[in-house]
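I opened this entry to look up charged pairs first and the nonpolar core second. My notes follow in the order I checked things.

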Amino acid sequence: MRLFSLIRACQSYARQSTYQAHTRVYLQSHRLSSTNNTEDDYPLPEYQERQKEALEVKKARLLYQSRKRGMLENGLLLSTFAAEFLNSFDAKETTMYDKLINKPSNDWEIYYWAIGNKPTPEEFDNKIMDMLKKHASNENLDDRSRQPDL
């Protein structure tokens, strides 16, 4: 039994060393040429609304995007919101939700607007944001410690 533990430890170390080596190579090859570069030097792509996307396809895409936000707080908040409300949205409301979750370049902005720590910009201050704020307040104290099943 001890031999198997030793083998597993060696395999784990080998995977970790390989990962670290690949990470070092990647970082060295993508190192910025100047330390004076700013975020403005590498702008994020602008939000582009998808034209001629069927409503059901858009809702399916938004359901997936609501689950995969890159930060756990938004993943939980937006996935539970989408599970509860997205199917009832009409085309206009679906487009508002699409812009809300895809146009801001910083996920923390969406989170802070939803929980009320920062004022919502006029562009996103609409019916959908009001619904999201009410959802974020969790007045019924629902358990939202995991994303809903698909």
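Which residue forms a salt bridge with Lys134? I looked, bearing in mind that this is a predicted model. The partner is Glu139, and the closest N and O atoms are 3.0 Å apart.

**Entry 1: the Lys134 pair.** I checked accessibility on both sides. Glu139 has 59% relative accessibility, so I put it down as exposed, the cut-off being over 50%. Lys134 comes out at 53% and therefore counts as exposed too.

**Entry 2: Asp149.** I located Asp149 in the segment after helix 6. Its side chain meets that of Arg146 in a salt bridge, at 3.1 Å from N to O. I also found this pair listed as a polar contact between the two side chains, at 3.1 Å. Is Asp149 buried or exposed? Asp149 is exposed, because its relative accessible area is 64%. Arg146 is exposed as well, at 53% relative accessibility. I then looked at what lies elsewhere in the sequence. Asp149 and Thr80 are 69 residues apart in sequence, yet their C-alpha atoms are 9.7 Å apart in space.

**Entry 3: a buried pair.** I searched the whole structure and got eight salt bridges. One that I noted joins the side chains of Glu53 and Arg61, with 2.9 Å from N to O. Here both Glu53 and Arg61 are buried. By contrast, Asp149 in the previous entry is exposed. Which residues do shared salt-bridge partners join into one network? I wrote down Glu53, Arg61 and Asp98.

**Entry 4: the nonpolar core.** I turned from charges to the largest nonpolar core. It holds 18 residues. Phe81, Phe89, Tyr97, Leu100 and Leu132 touch the most other members. I listed the elements that give two or more residues to this core: helix 3 (72–85), helix 4 (91–102), helix 5 (107–115) and helix 6 (127–137). Which helix gives the most? Helix 3 does, with five residues. For context, I noted that nonpolar side chains tend to be buried together in soluble globular proteins.

**Entry 5: Leu100 up close.** What does Leu100 touch, once residues up to four places away in sequence are left out? I found Ile110, Trp113, Phe124, Ile128, Met129 and Leu132. Leu132 is also among the core residues that touch the most other members.

Methods
Residues are numbered from 1 along each chain as its sequence is written. This is a predicted model: local features need pLDDT of at least 70, side-chain atom pairs count only at pLDDT 80 or more; totals for chains, interfaces and linings use all residues. Side-chain values use heavy atoms; hydrogens and water are left out. A nonpolar core is a set of buried Ala, Val, Leu, Ile, Met, Phe, Trp, Tyr and Cys residues joined through side-chain atoms within 4.5 Å. Buried means under 20% relative accessible area, exposed over 50%, partly exposed in between (1.4 Å probe, protein chains only). Helices (H or I, at least four residues) and strands (E, at least two) are DSSP runs, numbered from the N terminus. Contact means heavy atoms within 4.5 Å. A salt bridge is a side-chain nitrogen of Lys or Arg within 4 Å of a carboxyl oxygen of Asp or Glu. A polar contact is a pair of N or O atoms within 3.5 Å; within protein, one must be able to donate a hydrogen and the other to accept it, and residues adjacent in sequence count only if both atoms are side-chain atoms.
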